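Visitor: I would like to go through this structure with you and ask, for each label, what it rests on.

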Amino acid sequence: MKNVRYNKDSVIKHYSSFWGKEYNVLTWDVERAKELGEDFCILEFPPRDSKNMWTYATCCMSNDDENPIELHIYSKDKDESLIALLTIIAHFHRFDEKLGLSHTVNFGVPWKPRSNCSYGLISLPYLDGIEFELLNLGKNGIVHFYWLVPITKEEVTFKKENGIDSLEDIFEKDELNYIDPLRKSVI
């Protein structure tokens, strides 16, 4: 299998076609971010009619990987700490361990102050659909766009013991408020 090469413009065009043309291009000025390459950045999309929340998304997180992915996370408030969080996760993916669908990542800190959620679940982008998930680059390959859902340690343990489908069934049944940093664990 060959590595997939893509560029910043193709990622921004993909995000913009779903989330609108209003966004900020942000970077975290640390060595880890620089190691990710000059195209790497985080895009910040403000709330819009269809989604009353902020969206933070990686751009060129895994350029030149066999199975490239990009991640996004939602926030009810503008939150620049998510730039650092996504950059650290992108760095982990690029230099430590490849991430993919249904994986969990340990944030190392609560997602937001006083939050029980200190992990992230890499999930399908249910709010945007299958058209959003895949960026087909033709003969160059496909980039997958996944949702990073903040979850609790108990939810990670449940997923490991019962599988991703069981956890997502509970999320759906309980109508998980995925942008509430103070939410209680569903387990």
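The conversation below takes up salt bridges, burial, a helix and surface patches in turn.

Visitor: Before the labels, what kind of model is this?

Guide: This is a predicted model, and a search of the whole structure finds eight salt bridges.

Visitor: What makes the contact between R5 and D64 a salt bridge?

Guide: The side chains of R5 and D64 come to 3.9 Å, nitrogen to oxygen, and the cut-off is within 4 Å, so the pair qualifies as a salt bridge. R5 belongs to the segment before α1 and D64 to the loop between β3 and β4, so the bridge ties together parts that are 59 residues apart in sequence.

Visitor: Why is R5 called exposed, while D64 is called partly exposed?

Guide: R5 has a relative accessible area of 52%, and exposed means over 50%, so R5 is exposed. D64 has 31%, which falls between the limits of 20% and 50%, and therefore D64 is partly exposed.

Visitor: How do you know that D65 is buried, and what is its salt-bridge partner?

Guide: The relative accessibility of D65 is 8%, and buried means under 20%, so D65 counts as buried. Its side chain meets that of K98 in a salt bridge at 3.2 Å, N to O. The two link distant parts of the chain, with D65 in the loop between β3 and β4 and K98 in the loop between α3 and β5, 33 residues apart.

Visitor: What makes D79 and K112 a salt bridge, and are these residues buried or exposed?

Guide: Their side chains meet at 2.9 Å, N to O, which is within 4 Å, so the label applies. D79 has 13% relative accessibility and K112 has 9%, and because buried means under 20%, both count as buried.

Visitor: How do you know that the span of helix α3 agrees with what is expected?

Guide: At 1.5 Å a residue, the 15 residues of α3, residues 81-95, should span 21 Å, and the end C-alpha atoms are 21 Å apart, so the two values agree. The buried residues of this helix include L82, I83, L85, L86 and I89.

Visitor: What makes I130 eligible for a nonpolar surface patch?

Guide: I130, in helix α4, has a relative accessible area of 52%, and patch residues need over 30%, so I130 meets that condition. Together with L134 and I142, I130 forms a nonpolar patch with about 240 Å² of accessible area.

Notes. Residues are numbered from 1 along each chain as its sequence is written. This is a predicted model: local features need pLDDT of at least 70, side-chain atom pairs count only at pLDDT 80 or more; totals for chains, interfaces and linings use all residues. Side-chain values use heavy atoms; hydrogens and water are left out. Helices (H or I, at least four residues) and strands (E, at least two) are DSSP runs, numbered from the N terminus. The expected span of a helix is 1.5 Å times one less than its number of residues. Buried means under 20% relative accessible area, exposed over 50%, partly exposed in between (1.4 Å probe, protein chains only). Patches are made of residues with over 30% relative accessible area and no salt bridge: like charges are joined within 9 Å, nonpolar side chains (Val, Leu, Ile, Met, Phe, Trp, Tyr) within 5 Å. Accessible areas come from the Shrake-Rupley method with a 1.4 Å probe; for residues, only the protein chains shown count as cover.
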